[in-house]
Amino acid sequence: MQEQRGAVIYLTFSGDKFNNTRNWLDDVTLLQHLNAELSINSGQEFLWGQIGDAWYGIHGGSIIRFKAGEPLKLESFPQGVSAQEVFRLGDDIGAIFEEISRDSLVKGLLGRYPGLRLMRQDPEQCLFSFLCASNTNIPMIRRMLHSLCKRFGSPVEIDGHRFYTFPSAGALDRASEADLGASGLGYRVKAMKAAAREMARGRLDLESLKKASYDEARARLLEVYGVGPKIADCVLLFSLEKLEAFPIDVWIARALAGHYEWLYGKKMSDKLTARQYEDLSNEIRHYFGRHAGYAQQYLYYHMRQAAGKRW
DNA sequence: CGGCAGGAGCCCA
DNA sequence: TGGGCTCCTGCC
C-alpha cells in the first residue's frame with residue numbers, strides 16, 4: 001500500500017495551472033498548499049492543474065478533482081475514476097524502491113524526491129498525448145491537448161469552472177485534418193488521424209493490451225503510424241501496466257551518458273538510432289528490473305530539475 | 001529587431 | 001544515416 005505518515009501521502013502531479021502559463025508553482029508552494037509531500041513531473045501528466053485549493057485533471061471522459069487536505073479523496077465527474085486507480089495506491093512502493101535501488105544515484109534520488117510517483121493514465125488519452133509530444137516541449141504539448149479537449153471534448157461544469165473531457169477516438173476520427181490542425185498539431189495531424197481511425201474502428205484495442213506481455217503490447221503499438229519506441233514505452237508505462245518500460249528521451253539519454261557510460265557507450269549522442277534505442281532499452285530494463293519505469297521517472301525528473309526546468 | 005537552436009520523435013528516401 | 005516536419009520560446 002501507499003506509504004502514509006499521518007495525513008501525508010506521497011503523490012506525483014504535473015506542476016502547473018490550468019490555462020495559465022504564468023505563476024507556475026514550485027515544489028515548496030505545492031508542499032504548503034496540499035499539505036502533502038509532492039514532487040512534480042509534468043512530463044508524464046500533461047493535463048493536471050490547480051485552481052484555488054483544488055487540483056483538477058482530465059482523465060479520458062472524466063474530470064477528476066483532488067482537494068487539499070483530503071489526500072485520499074479523489075472525486076470524478078462523471079463518477080468512475082478512483083484515487084486507487086489514478087494514484088496507483090496498489091503499488092507496493094517500498095518493495096519497488098528496494099528493487100530499483102541498484103546504485104547510489106537512484107537510491108539517492110528516491111530520498112531526494114520522496115513524493116515522486118507514477119500515475120495511471122487513461123490509455124487512449126495517453127497515446128494521443130504522446131503523439132503530440134514529438135519534437136516539441138511541454139508547454140506546447142499542453143496547449144495542443146487543451147485545444148483538442150475544447151474543440152472535440154465535452155464540457156463539464158465543476159465548482160463554477162468549465163472543463164472539457166478528453167476527446168474520444170471517434171470524435172477525433174470524425175474531425176477533419178484541417179480542424180485538428182487548428183489545434184496547433186502541425187505535421188502530427190497525420191499520426192493522430194491514423195491512431196484515431198484504428199481505435200474508432202476497433203482495430204486497436206489498448207485495453208486488451210493490458211493483458212498482453214510487454215513485448216507483445218509494444219509490438220502492436222509500433223505498428224501504429226507515428227508510434228516509435230519512445231512513444232510506445234511511454235504508453236506502456238503510464239497506461240498499460242508495463243512498469244518495466246523505460247522510455248528513453250533526450251533527457252534520459254543524457255542521464256545515461258553521464259551516469260551509466262558503461263551501458264551507454266561513449267560514442268552515442270543524445271539522438272539514438274533505432275538499434276541503439278533497443279539495445280540500451282534492453283540493458284537498462286535488465287539492470288533495474290521489472291519496475292524499471294519508476295527509476296526512469298526519478299532520473300528524468302532529476303535531470304530536468306538539475307537543468308532548472310520548472311515544467 | 002532578426003536569426004537560430006532546441007524541445008518526453010518519427011517517417012521516409 | 002540524414003533531412004524534414006510545425007510552431008513557439010529563449011537567447012544572442
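## Cysteines without a bond

In this predicted model, the sulfur of Cys-234 lies 7.1 Å from the closest cysteine sulfur, which belongs to Cys-126, and this is too far for a bond, because a disulfide requires a pair of cysteine sulfur atoms within 2.5 Å. A search of the whole structure accordingly finds 0 disulfides, and Cys-126 is in none, its nearest cysteine sulfur being that of Cys-234.

Both cysteines can also be described by their accessibility. Cys-126 is buried, with a relative accessible area of 0%, and Cys-234 likewise counts as buried, at 2% relative accessibility.

## The sheet of four strands

An open sheet of 4 strands runs in the order β5-β6-β7-β8, and its pairing is antiparallel. Since β5 and β8 (74-77) stand at the edges and each has a single partner strand, one side of each is left without a neighbour in the sheet. On average, and with direction ignored, neighbouring strands of this sheet are turned by 25° against each other.

The pairings can be followed from one edge to the other. Strand β5 (residues 48-51) pairs with strand β6 (residues 54-59) in the antiparallel sense over 4 bridges, with Ile-51 standing opposite Ala-54 in β6. These two strands form a hairpin with 2 residues between them, and in its turn Gly-52 has a positive phi of about 60°. Towards the other edge, strand β7 (residues 62-67) is joined to β8 by 4 bridges, and the two run antiparallel; here Arg-65 stands opposite Glu-75 in β8.

## The surface near DNA strand B

There are 26 residues around DNA strand B, and of these Gly-43, Gly-228, Trp-251, Arg-254 and Arg-304 come nearest. The residues of this surface divide into 10 nonpolar, 11 polar and 5 charged. Looking from the side of the DNA, 58% of the atoms of strand B within 4 Å of the protein belong to sugar or phosphate, while the rest belong to bases.

Individual polar atoms of the protein lie beside both the bases and the backbone of the DNA. An N or O atom in the side chain of Gln-297 is 2.9 Å from a base nitrogen of DNA strand B, and a polar side-chain atom of Asn-135 lies 3.4 Å from a base nitrogen of that strand. Ile-138, by contrast, places a backbone N or O atom 3.2 Å from a phosphate oxygen of DNA strand B. The elements that give two or more residues to the surface near this DNA strand are α12 (229-239), α13 (250-259) and α16 (292-306).

Technical notes:
Residues numbered from 1 in each chain as written. Chains lettered and ligands numbered in written order. Predicted model: local features only at pLDDT ≥ 70, side-chain atom pairs only at ≥ 80, totals over all residues. Heavy atoms only, no water. Buried < 20%, exposed > 50% of the residue type's maximum accessible area, 1.4 Å probe, protein only. Near = heavy atom within 4 Å. Polar contact = N/O pair within 3.5 Å; in protein donor to acceptor, adjacent residues only side chain to side chain. Nonpolar A, V, L, I, M, F, W, Y, C, P; charged D, E, K, R; others polar. Pairing = 2+ DSSP bridges. Axes fitted to C-alpha atoms, helices over the stretch in contact; angles between N-to-C directions.
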